[in-house]
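Reader: I have just opened this structure and would like to learn how to read it. Could you walk me through some of its features?

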Amino acid sequence: RIISYIAFPSIEPNKANQDSYSVTTNFAGRESDALFGVYDGHGEHGDKCSTFVRDSLPSMLAKGLDKADEISVEQMDDNIKQAHKTCHRNMNRSKKVDNDWSGTTAISMYLRGDVPKITVSNVGDSRAVMGSCDTPESSALVATALSRDQTPWRRDERKRIEDKGGRVLTADQLFGKAPIEKDENKVQKWKSKRGLGDGEKVLGDEIDESGQPPRVFSPHGDYPGLSVTRTIGDKVISDEGIGMVPEPEILTRELTAQDKVIFLASDGVWEFMTNQRVIDICAECSDPLEACRIIQKESYDLWMKNDTRTDDITMICMFVDDVSPGGADIASAKVEVGIEKVPGTVNGLSQVEIDGRIESIKETCKATFGGVSTRYAYLSQRGYYPDDPDKANQDSYSVTTNFAGRESDALFGVYDGHGEHGDKCSTFVRDSLPSMLAKGLDKADEISVEQMDDNIKQAHKTCHRNMNRSKKVDNDWSGTTAISMYLRGDVPKITVSNVGDSRAVMGSCDTPESSALVATALSRDQTPWRRDERKRIEDKGGRVLTADQLFGKAPIEKDENKVQKWKSKRGLGDGEKVLGDEIDESGQPPRVFSPHGDYPGLSVTRTIGDKVISDEGIGMVPEPEILTRELTAQDKVIFLASDGVWEFMTNQHVIDICAKCSDPLEACRIIQKESYDHWMKNDTRTDDITMICMFVDGVSSGQ
């Protein structure tokens with residue numbers, strides 16, 4: 001269970017929690033082993049750095065420790081160090097984490113229950129502490145540090161940084177209010193004023209009340225001013241080679257019957273509490289979760305007493321109930337503080353809060369359209385943005401039966417807004433487009449496919465023009481996608497029209513005898529990943545650039561043969577990614593920009609709305625691509641969704657989920673949950689997630 005509270009910094013009330021934690025049981029494939037970790041991010045993107053390490057480091061450690069009972073302690077230490085270095089290197093290379101000026105600490109405890117032993121590895125100033133009975137007869141617990149904070153308070157760490165050319169200064173020294181002494185004997189001048197004795201503060205045994213901690217600075221400028229001497233991330237200062245490294249310090253020790261508590265926490269706890277105070281609280285509690293709650297409250301109160309804000313506060317508390325060779329019985333709890341949550345929270349929102357963001361049909365609707373028997377359901381989940389928790393759902397959807405006055409016809413649509421007023425754009429299209437399409441399709445059985453396509457295109461253009469003229473929607477810099485499926489049950493046929501990157505997919509049996517469903521795209525995302533769309537925009541004078549190209553970090557190639565230079569790095573092969581068959585994991589999608597400035601940076605090449613860029617005539621048009629096809633008895637599922645689903649899920653995976661479900665609403669709920677989990681695993685927020693799922697139970701013609 002995770003219990004959380006509100007601890008908002010007063011100057012940044014919506015700042016994301018930069019702490020993360022992990023608990024991995026059955027670690028490295030062994031039931032007797034477990035890994036516990038706390039990660040404290042810092043810098044503008046510290047939250048992403050800590051979650052990156054949380055999601056990466058345990059698996060990297062598992063690879064190096066899968067044969068822990070066959071290797072020496074020295075080899076184990078080497079493998080742990082290598083895992084941290086690999087995690088650091090991968091973060092530096094990742095396109096999803098901007099860690100030039102951001103990074104994270106990492107404290108982890110590897111429990112080997114069969115031995116029993118623990119191995120604690122530490123980078124930064126998060127901390128692990130043990131509470132043990134002094135003697136077998138004693139019941140009082142004595143605190144023992146299992147890690148040492150890597151900060152400039154430590155003489156060895158300070159010397160290591162300075163020997164590499166780095167500078168260690170207090171604020172007074174940085175701004176010339178105190179002398180800078182290089183002689184270690186003379187350096188007492190400023191340390192003694194802070195009660196440091198021999199110039200080394202043992203944090204944990206005493207609290208830093210100096211108000212002026214020494215910090216690490218580059219020899220080339222007054223940056224970054226970190227209060228730690230080791231970190232995972234912080235690429236700029238790490239690359240300068242002044243000793244800001246991701247190498248952990250490691251301690252391995254046996255567990256005995258006298259060891260009763262193991263406690264890991266970020267410095268949000270240790271800023272105002274000693275190791276012994278924390279262990280004393282644990283000793284007074286009968287349950288580790290109770291201890292966590294008391295320590296959280298005391299930490300919070302101390303922060304508010306001594307400062308105008310609180311740091312993020314994260315802890316894992318383990319009570320060791322019994323230790324014997326071949327096993328260790330434990331009780332553990334974890335608490336995270338720093339963002340608003342309630343019991344049951346997972347990755348930012350409780351299940352109650354998630355459910356509160358979902359709008360869906362109450363139960364599956366069963367309907368027959370001409371010769372097509374269907375069951376359908378729809379669901380829309382409002383996105384989660386930590387910096388804007390009340391942001392409106394910008395997705396909309398529509399289901400129109402008795403479409404164009406015919407009982408055999410229906411129209412289904414999903415609309416994904418973007419920009420400041422994207423919610424109003426998508427609802428405008430939801431409320432307008434179906435009736436405009438109905439006017440053009442009221443005689444669908446009397447016109448050719450070509451005429452039908454022309455009427456559909458005209459309806460989209462009229463909707464776009466009406467939005468531009470509307471006084472109720474500010475769409476200068478906002479717009480929406482539109483994916484719709486027109487079902488003609490008497491024929492039976494479907495016509496799918498698409499603007500943008502929402503998507504329609506069909507699941508069909510490969511043969512009449514087969515029961516397995518194969519996914520077929522009914523639309524193609526209109527994005528700069530597509531060579532034809534990219535060329536269409538560029539031929540009109542628009543620019544298609546990645547962020548690196550926009551900011552001069554990568555060359556801009558106009559020659560389609562040379563453009564491979566940046567595309568090949570993103571696994572695009574011939575320069576065209578077929579989204580739906582594969583997931584975009586590049587982290588740097590190409591975007592559309594005006595020839596006149598660095599705007600709007602859209603990741604789609606067609607849209608309804610976006611008046612400013614549309615009026616520039618660079619090909620940002622509302623014209624849909626259209627597909628008409630017959631429905632057969634082999635077609636079993638039709639699925640429409642916004643890109644909140646498709647960001648991390650392939651067409652086939654979505655259809656596979658539908659194939660396992662007996663009800664389309666059940667399928668919607670499973671896909672919604674998996675989409676949400678993917679977002680929270682890969683990002684610190686979620687997009688809006690909207691879908692319509694139709695199960696086709698029977699198809700016959702002529703009705």
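Author: We will look at helices, then sheets, then salt bridges. Please keep in mind that this is a predicted model.

Reader: Let me begin with helices. How are two packed helices described?

Author: Two packed helices are described by the angle between their axes and the distance between the axes. Here, take helix α11 (residues 422–441) and helix α12 (residues 449–469): their axes come within 9 Å and cross at roughly 145°. The crossing of α11 and α12 is right-handed.

Reader: Which residues in α11 meet residues in α12?

Author: On the α11 side you can find, among them, Cys 425, Phe 428, Val 429, Leu 433 and Met 436. The α12 side includes Met 452, Ile 456, Ala 459, His 460 and Cys 463. Sorted by class, this contact of α11 with α12 has 12 nonpolar, six polar and no charged residues.

Reader: Now the sheets, please. What should I know about side chains in a strand?

Author: In a regular strand the side chains alternate between the two faces of the sheet. For a case to look at, try strand β15 (residues 313–324), which is mostly covered, with nine of its 12 residues buried. Strand β14 (residues 259–265) runs antiparallel to β15, and five bridges join the two. Within this pair, Ile 262 stands opposite Met 318.

Reader: In what order do the strands of the sheet with β27 come?

Author: The order is β27-β28-β29, in an open sheet with antiparallel pairing. The edges are β27 (543–545) and β29 (600–602); each has a single partner strand, so one side of each is left without a neighbour in the sheet. Neighbouring strands here are turned by 30° against each other on average, direction ignored. You can also follow the pairing itself: β27 and β28 (residues 591–593) are joined over three bridges, and Leu 545 stands opposite Arg 591 in β28.

Reader: Where are the edges of the sheet with β9, β10 and β11?

Author: That is another open sheet of three strands, ordered β9-β10-β11 with antiparallel pairing. Its edge strands are β9 (167–169) and β11 (224–226), each pairing on one side only. Its twist averages 30° from one strand to the next. Two bridges join β10 (residues 215–217) to β11, and Phe 217 in β10 faces Pro 224 in β11.

Reader: And how do I read a salt bridge?

Author: Side chains of opposite charge can pair when their charged atoms come close. The count in this model comes to 36 salt bridges. One of them joins Asp 239 and Lys 235, at 2.9 Å from N to O. Both residues lie in helix α6 (residues 235–239), four residues apart, about one turn of the helix. Asp 239 counts as exposed, at 52% relative accessibility, while Lys 235 counts as partly exposed at 27%.

Reader: How many residues apart in sequence are the parts tied together by Asp 697 and Arg 375?

Author: Asp 697 lies in strand β33 (residues 689–699) and Arg 375 in strand β19 (residues 372–381), so their pair ties together parts that are 322 residues apart in sequence. The closest N and O atoms of this salt bridge are 2.8 Å apart.

Reader: Is Asp 635 buried or exposed?

Author: Asp 635 is buried, because its relative accessibility is 2% and buried means under 20%. Its salt-bridge partner Arg 629, with closest N and O atoms 3.0 Å away, is partly exposed at 25%.

Reader: Which residues are linked in a network of salt bridges?

Author: Look for Arg 148, Arg 154, Asp 156, Glu 157, Arg 160, Arg 230 and Glu 249, which are linked in this way.

How values were computed. Residues numbered from 1 in each chain as written. Predicted model: local features only at pLDDT ≥ 70, side-chain atom pairs only at ≥ 80, totals over all residues. Heavy atoms only, no water. Pairing = 2+ DSSP bridges. Axes fitted to C-alpha atoms, helices over the stretch in contact; angles between N-to-C directions. Left-handed = near helix turned anticlockwise from the far one by under 90°. Contact = heavy atoms within 4.5 Å. Nonpolar A, V, L, I, M, F, W, Y, C, P; charged D, E, K, R; others polar. Buried < 20%, exposed > 50% of the residue type's maximum accessible area, 1.4 Å probe, protein only. Salt bridge = Lys/Arg side-chain N within 4 Å of Asp/Glu carboxyl O.
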